Amino acid sequence: MDTSSSKLMRSTESLFFSIILPTYNRSYIIGETIKSVINQTYDKWELIVVDDGSTDNTKEVVAEIKNGDNRIRYIYQENSERSSARNNGILNSKGDFICFIDSDDLFREYHIFKINDAIKSSENLNAIFITGQSILKSGKIEDLPEERILTSAPDFFFTNTIITGRMAISSKILKEFHFDTDYRISEDTDLWVRISSLYPDIIQLNCHTLVYRVHDFNSVNPEKYNAYLERKLTLKKIYNSNKTNLNKNLVSKTINNCYFGMYRYYKSNGYSFRAFFSMLRAIIELPNHRFKEKIYLLMTSIGIPKKNKSEKNNN
């Protein structure tokens, strides 16, 4: 173990965390997010709010909530997308470990405490720590099941969408790797794949400490934005850059799954023929993957209903 790791191991009870919060025009919701950080039971942290060129009153909202709390820092930058904002936050961070939170999500009050406890119990400070996730929709919170790690670390991160708010990674690692600013979608997948190719140990926390809020303006809303089309293209680029570390069969299935999100977007917006052709292409590209689902969606996209039991009995 190197000297820096030994020193950090001896002082894990007083680890300092940097929490990076990128935001753009979220003044109407960011206040609750910041308060969820302020309410942490573990108090050795800094919050870096990186305003990615907001044109609303985000700055004033942050200043009002900060109210002299020196743990909260505000950085303004010209609009450059969230990857650039996160990189800016990392560059200006002082913590031993770095966490993230999006401006519309929430930490439960024990989020940092649980992560710190897991790091204290671990002998591997280069591990990637992942918390559980809940979703808040229509006023109800639901805990999502924990993903099972049955593959290599890069394959795990490629095939599962692990959002940034669930992650805690050593600042040493995150100052070695950066978010790729060329990607607007799945930029987190790209970073986790690259990091885990060199630092493959994953430690999952058996607790749901990150609350993902579902609302109309989520960056990936398959009914309002055709985000899965861009995700499909990005995943192909990620694979092409990491072929030696990724399983081609798992990659093909993950990319093929994007057609389901594309279908949902087309169907929700009245593009029936595009919905039909998205499923048709999904079948052609990978016929043995989720075949029955694809056939069903293919038929419903053009208005062929599934027969109910009474119809079957009359035939």
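In the predicted model, Ser 138 is located in the loop that links strand S6 to strand S7 (140–143). The phi angle of Ser 138 is near 50°, a positive value in a residue other than glycine. Most residues other than glycine have a negative phi. The relative accessibility of Ser 138 is 71%, so this residue counts as exposed, the cut-off being over 50%.

A positive phi is also found at Asn 67, a residue other than glycine, where the value is near 45°. Asn 67 occupies the loop between helix H3 (58–66) and strand S3 (72–77). With a relative accessible area of 66%, Asn 67 is exposed.

Helix H3 and strand S3, which flank the loop of Asn 67, also take part in a β-α-β unit. Strand S2 (residues 45–52) and S3 run parallel and are joined by six bridges. Within this pairing, Ile 48 stands opposite Arg 73 of S3. The chain passes from S2 through H3 to S3, and the crossover is right-handed. In a regular strand the side chains alternate between the two faces of the sheet.

Helix H5 spans residues 111–121, and its buried residues are His 111, Ile 112, Ile 115, Asn 116, Ala 118 and Ile 119. These residues lie on the same side of H5, because they cover an arc of only 160° around the axis. The packing partners of the buried residues of H5 are six elements of the strand type: strand S1 (17–23), strand S4 (97–100), strand S5 (106–107), strand S6 (128–137), strand S8 (167–170) and strand S9 (202–213). Among these partners is S6, the strand that precedes the loop of Ser 138.

Further along the chain, Asn 247 belongs to the loop between helix H9 (227–241) and helix H10 (248–268). Asn 247 has a relative accessibility of 33% and therefore counts as partly exposed, a class that lies between the limits of 20% for buried and 50% for exposed. The side chain of Asn 247 reaches the backbone nitrogen of Leu 250 at 3.0 Å. Between Asn 247 and Gly 303, the separation is 56 residues in sequence and 37 Å in space, taken from C-alpha to C-alpha.

Key. Residues numbered from 1 in each chain as written. Predicted model: local features only at pLDDT ≥ 70, side-chain atom pairs only at ≥ 80, totals over all residues. Heavy atoms only, no water. Buried < 20%, exposed > 50% of the residue type's maximum accessible area, 1.4 Å probe, protein only. Helix = DSSP H or I, 4+ residues; strand = E, 2+ residues; numbered from the N terminus. Arc of directions from axis to C-beta. Contact = heavy atoms within 4.5 Å. Pairing = 2+ DSSP bridges. Right-handed = clockwise from strand over helix to strand, strands pointing away. Polar contact = N/O pair within 3.5 Å; in protein donor to acceptor, adjacent residues only side chain to side chain.
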